[in-house]
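Colleague: Before I use this model, I'd like to go through the labels on it and hear the reasoning behind each one. Can you pull it up?

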Amino acid sequence: MTDITPLENEAATSDTITIENELERRRRPLRPQVILATVAYFTAVCNGLNGGFSAILLPQLRTHPEDISVDKEIESWIVSLYLMGTTIGCLSSGIILDTWGRRLSAQISFLIICIGLALMSVASSHHLIYVGRALGGFGKGVSAPGICFHLEEMADPKLRGALSACLILTYTIGIMLVSLLGTHMGWRIVAGLGAGASFLSVVFYSLLRESPVWLVRKNRINEADEVYNWLWGSTHHTQVGDSFSLIIISNTT
């Protein structure tokens, strides 16, 4: 491996700044940005539904002990296992995202969340609830950074900050929504609805392309070029070339 001299590094940095300034003067077509943001926000709402589920589960279990009997220790484990799963998911998300990419990692994590919620919807004992909350926590821990990275790496630079900030807003909306549903529906029905929404997240994520940043790092150059053609449109060849050059420079310096 040849060392990069200070002069070469300075030249590469200058090229990067020039390309970035040129790209900031142009806006990407609206359609792919809308698709990207809509899918990301829908999945964030699903994460909120999953994250806030314990808030409706535990009160209903206390009110109807004939369904599944719980005590303080079981309630503590239901909450703790979700947090433990989230911690493990977050700690392993870097390896998972780097190995499988942003899109596939998000799809797998929402499939795990879907399985966890589906298990709880048919649970006959607190043990299945344990498993469901642990799976939900792990899926959330992996999907949350994956969604954020995917959105930031593909969004228009002028919209990137605002679009990323709205992820927290939509996550909060998901928590509010599950609380609202819990006032009118049983926890099993809400779990089933959450499982269905999580499965839709898997389907909707297939509408998105993989992050071009990850593709370049994996030396899948042709696929990265196709993603930028999707983001900019087939008629914006100059913008596609500039965006592609920016990532190449950023990943080789």
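Modeller: Here's a starting point: of the contacts between residues at least 6 apart in sequence, 81% join residues at least 24 apart. Keep in mind that this is a predicted model.

Colleague: What makes up the chain, in helices and strands?

Modeller: There are 11 helices and 0 strands, so from the N terminus on the order reads α-α-α-α-α-α-α-α-α-α-α. Buried residues account for 47% of the 253 residues. The chain exposes about 12600 Å², with 65% of that supplied by carbon and sulfur atoms.

Colleague: Which residues touch the most other members of the largest nonpolar core?

Modeller: Phe-53, Leu-61, Ile-78 and Ile-129, in a core of 52 residues. Helix α2 (residues 30–51) gives the largest share, 8 residues. Leaving out residues up to four places away in sequence, Leu-61 touches Ile-68, Val-70, Ile-78, Ile-129 and Trp-187.

Colleague: Leu-61 is in helix α3, then. Which residues of α3 are buried?

Modeller: In α3 (residues 54–63), the buried ones are Ser-54, Ile-56, Leu-57, Leu-58, Gln-60 and Leu-61. Their cover includes α4 (72–100), α6 (126–154), α7 (160–182) and α8.

Colleague: Ala-55 lies in α3 too. Why is Ala-55 called exposed?

Modeller: Exposed takes over 50% relative accessible area. Ala-55 has 51%, so the label applies. Ala-55 and Ser-179 are 7.1 Å apart in space, C-alpha to C-alpha, with their positions 124 residues apart in sequence.

Colleague: How do you know that Cys-46 has no disulfide partner?

Modeller: A disulfide needs two cysteine sulfur atoms within 2.5 Å. The closest cysteine sulfur to that of Cys-46 belongs to Cys-114 and is 9.9 Å away, so it is too far for a bond. The count for the chain is 0 disulfides.

Colleague: Are Cys-46 and Cys-90 buried or partly exposed?

Modeller: Buried means under 20% relative accessible area, and partly exposed runs from there up to the 50% mark. Cys-46 has 3%, so Cys-46 is buried. Cys-90 has 41%, so Cys-90 counts as partly exposed.

Colleague: On to charges. What makes Asp-67 and Arg-188 a salt bridge?

Modeller: In general, side chains of opposite charge can pair when their charged atoms come close. The rule wants a Lys or Arg side-chain nitrogen within 4 Å of an Asp or Glu carboxyl oxygen. For Asp-67 and Arg-188 the closest N and O atoms are 2.9 Å apart, so the pair qualifies. This pair links distant parts of the chain, with Asp-67 in the loop between α3 and α4 and Arg-188 in helix α8, 121 residues apart. Asp-67 is partly exposed at 34% relative accessibility, and Arg-188 is partly exposed at 26%.

Colleague: How many salt bridges does the rule give?

Modeller: The count comes to 5. One of them joins Arg-102 and Glu-153, with the closest N and O atoms 2.8 Å apart. It also links distant parts of the chain: Arg-102 in helix α5 and Glu-153 in helix α6, 51 residues apart.

Colleague: Why are Arg-102 and Glu-153 called buried?

Modeller: The cut-off is under 20%. Arg-102 has a relative accessible area of 5%, so Arg-102 is buried. Glu-153 has 17%, so Glu-153 counts as buried as well.

Colleague: And the salt bridge between Glu-223 and Arg-220?

Modeller: The N to O distance there is 2.9 Å. Glu-223 is partly exposed, at 34% relative accessible area, and Arg-220 is partly exposed at 34%.

Colleague: What makes the phi of Asn-219 worth a remark?

Modeller: Most residues other than glycine have a negative phi. Asn-219 has a positive phi of about 65° although it is not a glycine. Asn-219 sits in the loop between α9 (212–217) and α10 (221–232). At 62% relative accessibility, against a cut-off of over 50%, Asn-219 is exposed.

Colleague: Last one: which residues make the nonpolar surface patch?

Modeller: Leu-111, Ile-115, Phe-199 and Val-203 make a patch of about 330 Å². The elements giving two or more residues are α5 (102–121) and α8 (187–205). Take Ile-115, found in helix α5. Patch members need over 30% relative accessible area. Ile-115 has 42%, so Ile-115 clears that cut-off and is labelled partly exposed.

How values were computed:
Residues are numbered from 1 along each chain as its sequence is written. This is a predicted model: local features need pLDDT of at least 70, side-chain atom pairs count only at pLDDT 80 or more; totals for chains, interfaces and linings use all residues. Side-chain values use heavy atoms; hydrogens and water are left out. Patches are made of residues with over 30% relative accessible area and no salt bridge: like charges are joined within 9 Å, nonpolar side chains (Val, Leu, Ile, Met, Phe, Trp, Tyr) within 5 Å. Accessible areas come from the Shrake-Rupley method with a 1.4 Å probe; for residues, only the protein chains shown count as cover. Helices (H or I, at least four residues) and strands (E, at least two) are DSSP runs, numbered from the N terminus. Buried means under 20% relative accessible area, exposed over 50%, partly exposed in between (1.4 Å probe, protein chains only). A nonpolar core is a set of buried Ala, Val, Leu, Ile, Met, Phe, Trp, Tyr and Cys residues joined through side-chain atoms within 4.5 Å. Contact means heavy atoms within 4.5 Å.
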